[in-house]
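Got a structure open and wondering where all those labels come from? Let's go through a few of them, one question at a time.

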Amino acid sequence: MSAFVGKYAEELIKNAKYIATPGKGILAADESTGTIGKRLSSINVENIESNRQALRELLFTSPNALSCLSGVILFEETLYQKTSDGKPFVEILEENNVIPGIKVDKGTVEIAGTNGETTTQGFDSLGARCQQYYKAGARFAKWRAVLKIGPNEPSELAIQQNAQGLARYAIICQENGLVPIVEPEVLTDGPHDIKKCAAVTETVLAAVYKALNDHHVLLEGTLLKPNMVTPGSDSPKVAPEVIAQYTVTALRRTVPPAVPGIVFLSGGQSEEEATQNLDAMNKLEVLKPWTLSFSFGRALQQSTLKTWAGKKANVGKAQEAFLSRCKANSEATLGKYSGGSAGGLASESLFVEGYKY
Amino acid sequence: MASASLLKTSPVLDKSEWVKGHTLRQPSTSVVRCHPVAPPGLTVRASSYADELVKTAKAIASPGRGILAMDESNATCGKRLASIGLENTEANRQAYRTLLVSAPGLGQYISGAILFEETLYQTTIDGKKMVDVLVEQNIVPGIKVDKGLVPLAGSNNESWCQGLDGLAPRSAAYYQQGARFAKWRTVVSIPNGPTELAVKEAAWGLARYAAISQDNGLVPIVEPEILLDGDHGIDRTFEVAKKVWAEVFFYLAQNNVMFEGILLKPSMVTPGAECKDRATPQQVADYTLSLLRQRIPPAVPGIMFLSGGQSEVEATLNLNAMNQAPNPWHVSFSYARALQNTCLKKWGGRPENVKDAQEALLIRAKANSLAQLGKYTGEGESEEAKQGMFVKGYVY
């Protein structure tokens with residue numbers, strides 16, 4: 001059978017294309033309650049709903065920042081939250097031409113018989129949940145699959161399991177009006193070099209696109225959220241231009257032009273590193289038929305979070321920090337970043353070994 | 001059923017700064033060059049010929065040029081010669097191929113020529129090596145390496161392509177003789193299914209052949225021809241084509257084939273030959289481009305369409321329709337009958353007709369060159385050129 005062309009096809013294509021607008025990108029603000037708790041505790045703020053709401057309000061009301069964004073990924077709680085004067089977050093985003101998205105996976109679990117490899121949960125009632133989220137204003141979804149590099153990893157089993165999972169999630173989303181962001185993250189953890197990461201990333205992406213095709217997913221109505229191709233966390237760093245070359249080569253070998261946009265995850269790179277790498281990719285003089293942009297969580301929020309430190313008095317400064325990162329990354333998607341928004345905080349590595357969301 | 005509006009080329013590609021198949025933006029000062037040397041993630045898919053493969057593939061996929069397929073086996077060439085009343089002798093085959101490779105200025109429109117083994121080792125009638133004549137014309141010599149189609153046991157009367165045994169040393173020998181690209185043609189039949197088995201075999205065979213070719217310095221042309229035979233509509237062809245190309249690329253990846261050093265030779269997406277609903281060049285272009293965009297990674301430098309029984313003019317019109325907007329890969333032709341038909345008839349086996357025959361070949365080559373650039377207007381085409389060349393159950 002050919003690609004699934006359901007009642008949402010035109011809308012999916014339109015939304016995917018809009019999210020992939022050059023000069024814009026995605027704020028990943030979909031940290032689960034547990035994960036956002038870690039962020040808040042790092043600035044000594046209690047993990048209660050009002051604080052979670054305050055942080056997200058800070059981000060979504062940052063003056064001028066939203067114009068750098070085409071989408072924001074939300075956690076379920078946030079999709080239904082409001083500002084302190086009672087305005088739904090979803091409305092603020094929509095008014096500023098930012099498409100609300102929703103994390104729909106339910107985390108990872110280990111695959112028995114492997115060396116700590118994982119698969120992602122979340123299929124039960126996924127269709128019905130997507131319908132609810134659509135009603136609440138979401139127009140895209142996100143599902144994170146994880147693979148790791150090791151002496152025998154990723155195994156064929158882990159690759160197939162995660163690729164099939166992503167494909168099944170993707171088609172269910174499309175049946176229910178949500179553009180699926182397909183995220184097969186290959187973790188940075190390990191002593192391997194950039195060539196190893198490239199080989200694994202290419203193998204994984206080939207399997208992912210095979211699965212998407214087998215499941216009749218409409219590629220024009222999807223986005224890809226891959227890792228950049230980098231050396232392992234225990235391996236010496238390389239220049240952004242090298243990361244750019246390996247990453248774009250891997251994508252040119254695996255991602256069909258029908259996919260409108262590729263929105264990278266930052267995965268533990270510092271804010272500045274992530275921006276520089278994205279910029280280097282967009283400066284590369286080779287044909288890239290999809291836009292290359294960002295879907296950053298930590299790499300957009302880190303300095304903002306530290307500047308806020310939970311205090312109302314710091315909101316203005318924190319919002320400035322946020323705008324600064326948004327602008328930097330917006331420029332990077334156009335290959336026009338000239339550097340310089342790297343304050344000390346922006347250069348801080350955000351790598352956490354064995355990071356669990 | 002696919003709705004027509006979804007098949008229109010995405011406006012994301014209509015940016016005016018795109019140059020067909022090449023750089024996206026004007027050079028800036030801090031640019032890192034990626035061409036023509038093989039890309040770095042290369043050691044992922046390494047072979048000692050990597051740089052050369054990339055260079056050769058790019059040379060063949062150059063703007064305004066395509067491939068002349070002249071690799072008819074002796075038996076098939078015999079059919080061509082018989083159609084103009086000639087005996088199938090080596091001398092006649094040599095005379096005909098001499099005519100083709102010596103057409104003056106052919107290299108303006110033709111970047112590569114696929115040869116049959118006999119021709120690779122032949123000389124022209126004036127004693128020059130065929131290969132040398134081609135190289136002098138700036139045409140890369142290629143070689144058909146498959147050993148033909150045979151019945152696929154366990155399938156629904158489908159075929160599979162033979163030729164892997166001894167392919168490595170054969171490829172090395174062809175490289176020594178001057179070949180720089182290879183071709184392997186397998187087929188998929190819609191009226192017979194196609195069965196999952198037939199599709200997998202076709203894709204896997206191509207992937208193995210491609211890996212072995214690259215290992216021995218030859219750029220593999222990957223050709224899974226979806227036969228025109230059948231009364232199915234264009235949507236069905238589209239379905240099957242998407243399935244076939246998904247399998248092909250997955251197995252190519254598993255066999256560690258370097259995509260920057262391959263070329264594709266697909267069939268265009270059209271209705272079956274016996275389908276009552278015909279398609280316009282615009283429809284063929286829309287469906288075919290949609291197929292390519294959904295299945296072909298941009299690392300592949302060139303897509304050289306086969307004509308598969310379309311008339312000379314049809315094949316040119318369809319190619320032209322596909323080149324009205326920039327594409328991420330060079331979209332061109334690898335035509336046999338659609339380049340040679342009129343030329344062969346004009347020659348009729350007579351030396352005094354050679355010049356006119358070569359002229360006819362150049363006319364078709366130029367028309368397709370214009371089509372590759374999206375500039376073909378169809379003015380002055382002969383009735384001969386419009387004649388369909390579909391033969392039911394065609395066996396090469």
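Q: What makes the contact between Glu31(A) and Arg56(A) a salt bridge?
A: The label needs a side-chain nitrogen of Lys or Arg within 4 Å of a carboxyl oxygen of Asp or Glu. In this predicted model, which takes side-chain atom pairs only at pLDDT 80 or more and local features at pLDDT of at least 70, while totals for chains, interfaces and linings use all residues, the N to O distance for Glu31(A) and Arg56(A) is 3.0 Å, so the pair fits the definition. The two sit 25 residues apart, with Glu31(A) in the loop between β1 and α2 of chain A and Arg56(A) in helix α3 of chain A. Side-chain values use heavy atoms, without hydrogens or water, residues are numbered from 1 along each chain as its sequence is written, and chains are lettered from A and ligands numbered from 1 in the order in which they are written.

Q: Why is Glu31(A) called buried?
A: Buried means under 20% relative accessible area, exposed means over 50%, and partly exposed is in between (1.4 Å probe, protein chains only). Glu31(A) has 8%, so it counts as buried. Arg56(A) has 1%, so it is buried too.

Q: How do you know that Arg236(B) and Glu239(B) are about one helical turn apart?
A: Both are in helix α8 of chain B, 3 residues apart, which means about one turn separates them. A helix here is a DSSP run of H or I with at least four residues, a strand is a run of E with at least two, and both are numbered from the N terminus. The side chains of Arg236(B) and Glu239(B) meet in a salt bridge at 2.8 Å, N to O.

Q: Is Arg236(B) buried or partly exposed, and why?
A: Its relative accessibility is 30%, so Arg236(B) counts as partly exposed. Glu239(B), at 11%, is buried.

Q: What makes Lys243(B) and Glu247(B) a salt bridge?
A: Their closest N and O atoms are 3.2 Å apart, so the definition is met. They also share helix α8 of chain B, 4 residues apart, about one turn. Lys243(B) is partly exposed at 29%, while Glu247(B) is buried at 1%.

Q: Why do β9 and β10 of chain B count as paired?
A: Two strands pair if DSSP finds at least two bridges between them. Here 4 bridges join β9 to β10, and the strands run parallel, so they count as a pair. One of the bridge partnerships is Ile303(B) with Val331(B).
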